[in-house]
Amino acid sequence: MQDCIFCKIVKKELPAFIFYEDEFVIGFLDINPLTEGHTLVVPKAHYESIFDIDEEALQKIISVSQKISKRIKEALRVEGVNLINASGVVAGQSVPHFHFHIIPRKAGDEINLASWWRSKVKEVDKEKLKELAEKLKT
Ligand SMILES: [Zn+2]
């Protein structure tokens with residue numbers, strides 16, 4: 001896509017700190033990191049989101065995300081990572097080219113994702129969950 005910032009990074013028309021590249025996927029450092037080593041994993045082909053990405057491309061991205069996560073764990077001595085994808089503007093997607101964030105995590109890093117999560121969960125009735133599971137069956 002012509003005006004897509006990630007397509008331009010893939011084509012090396014924009015600079016980025018790329019540290020992983022294969023035929024289908026690149027991995028580069030987020031210039032606005034949440035933690036040290038915050039990485040974006042991006043397919044070379046343009047897909048907008050989880051809703052339109054090719055299944056094979058998605059499998060490759062997942063596999064590369066595992067490789068990069070292991071490398072980050074080893075090289076930066078982190079204890080964990082969060083993998084985050086936002087699909088859709090309402091979900092917080094700001095670049096309309098599919099990507100995973102890999103966010104390296106260490107104890108006391110002040111991201112506090114788990115406490116934020118706990119503060120947002122809703123009480124829900126079991127009957128409602130049963131209905132919802134029925135509705136979502138494929
Ligand atoms: Zn793109």
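Start with Lys12. Lys12 sits in the loop between H1 and E1. Its phi is positive, about 60°, although Lys12 is not a glycine. Most residues other than glycine have a negative phi. Keep in mind that this is a predicted model.

A second residue belongs in this discussion: Glu110. Glu110 also has a positive phi, about 65°, and it is not a glycine either. Glu110 is in the loop between E5 and helix H3, which covers 113–120. Is Glu110 buried or exposed? Exposed: its relative accessible area is 70%.

Stay in that loop for a moment. Lys106 lies between E5 and H3 as well. Lys106 is partly exposed, because its relative accessible area is 37% and the partly exposed class runs between 20% and 50%. Lys106 and Lys73 are 33 residues apart in sequence. In space, their C-alpha atoms are 10.0 Å apart.

Now the overall layout. The protein chain has 4 helices and 5 strands. From the N terminus, the order is α-β-β-β-α-β-β-α-α. The C-alpha trace spans about 50 × 35 × 25 Å along its principal axes. Of the 138 residues in the chain, 32% are buried.

Next, the metal. Which protein atoms are donors to the zinc ion? Cys4 and Cys7 each give SG, while His46 and His97 each give ND1. These donors lie 2.0 to 2.3 Å from the zinc ion. What is the arrangement around the zinc ion? Tetrahedral, because the angles subtended by the 4 donor atoms run from 104 to 116°, and the criterion asks for all angles between 85 and 135 degrees.

In sequence, the zinc donors follow the spacing C-x2-C-x38-H-x50-H. Take one pair from that set. Cys7 is in helix H1, and His46 is in the loop between strand E3 (39–43) and helix H2 (55–76). These parts are 39 residues apart in sequence, so the pair ties them together. How covered are the two residues? Cys7 is buried, at 5% relative accessibility. His46 is partly exposed, at 25%. The boundary for buried is under 20%, so His46 falls outside that class.

On to the nonpolar core. The largest one has 14 residues. Those with the most contacts inside it are Val41, Ile53, Ile61, Val64, Ile68 and Phe98. H2 and strand E5 (100–105) each supply at least two residues of this core. Which element gives the largest share? H2, with 5 residues.

Look at Ile53 in particular. Ile53 is in the loop between E3 and H2. Ile53 counts as buried because its relative accessibility is 11%, and the limit is under 20%. Now pair it with Lys8. Ile53 and Lys8 are 45 residues apart in sequence, and their C-alpha atoms are 18 Å apart in space.

Last, the surface. Which residues form a nonpolar patch there? Phe17, Phe19, Leu29 and Ile31. Together they have about 440 Å² of accessible area. Phe17 is in the loop between helix H1 (5–10) and strand E1 (18–21). That takes us back to the loop where Lys12 lies. Phe17 is exposed, because its relative accessible area is 59% and exposed begins over 50%.

To recap: a tetrahedral zinc site, a largest nonpolar core of 14 residues, and a nonpolar surface patch that includes Phe17. All of this comes from a predicted model.

Definitions and conventions. Residues are numbered from 1 along each chain as its sequence is written. This is a predicted model: local features need pLDDT of at least 70, side-chain atom pairs count only at pLDDT 80 or more; totals for chains, interfaces and linings use all residues. Side-chain values use heavy atoms; hydrogens and water are left out. Patches are made of residues with over 30% relative accessible area and no salt bridge: like charges are joined within 9 Å, nonpolar side chains (Val, Leu, Ile, Met, Phe, Trp, Tyr) within 5 Å. Accessible areas come from the Shrake-Rupley method with a 1.4 Å probe; for residues, only the protein chains shown count as cover. A salt bridge is a side-chain nitrogen of Lys or Arg within 4 Å of a carboxyl oxygen of Asp or Glu. Buried means under 20% relative accessible area, exposed over 50%, partly exposed in between (1.4 Å probe, protein chains only). Donors are N, O and S atoms within 2.8 Å of the metal (3.2 Å for Na, K and Ca); water is not among the atoms, so sites may look incomplete. Four donors count as tetrahedral if all angles lie between 85 and 135 degrees; four count as square planar and six as octahedral if opposite donors are over 155 degrees apart and all others between 65 and 115; anything else is irregular. A nonpolar core is a set of buried Ala, Val, Leu, Ile, Met, Phe, Trp, Tyr and Cys residues joined through side-chain atoms within 4.5 Å.
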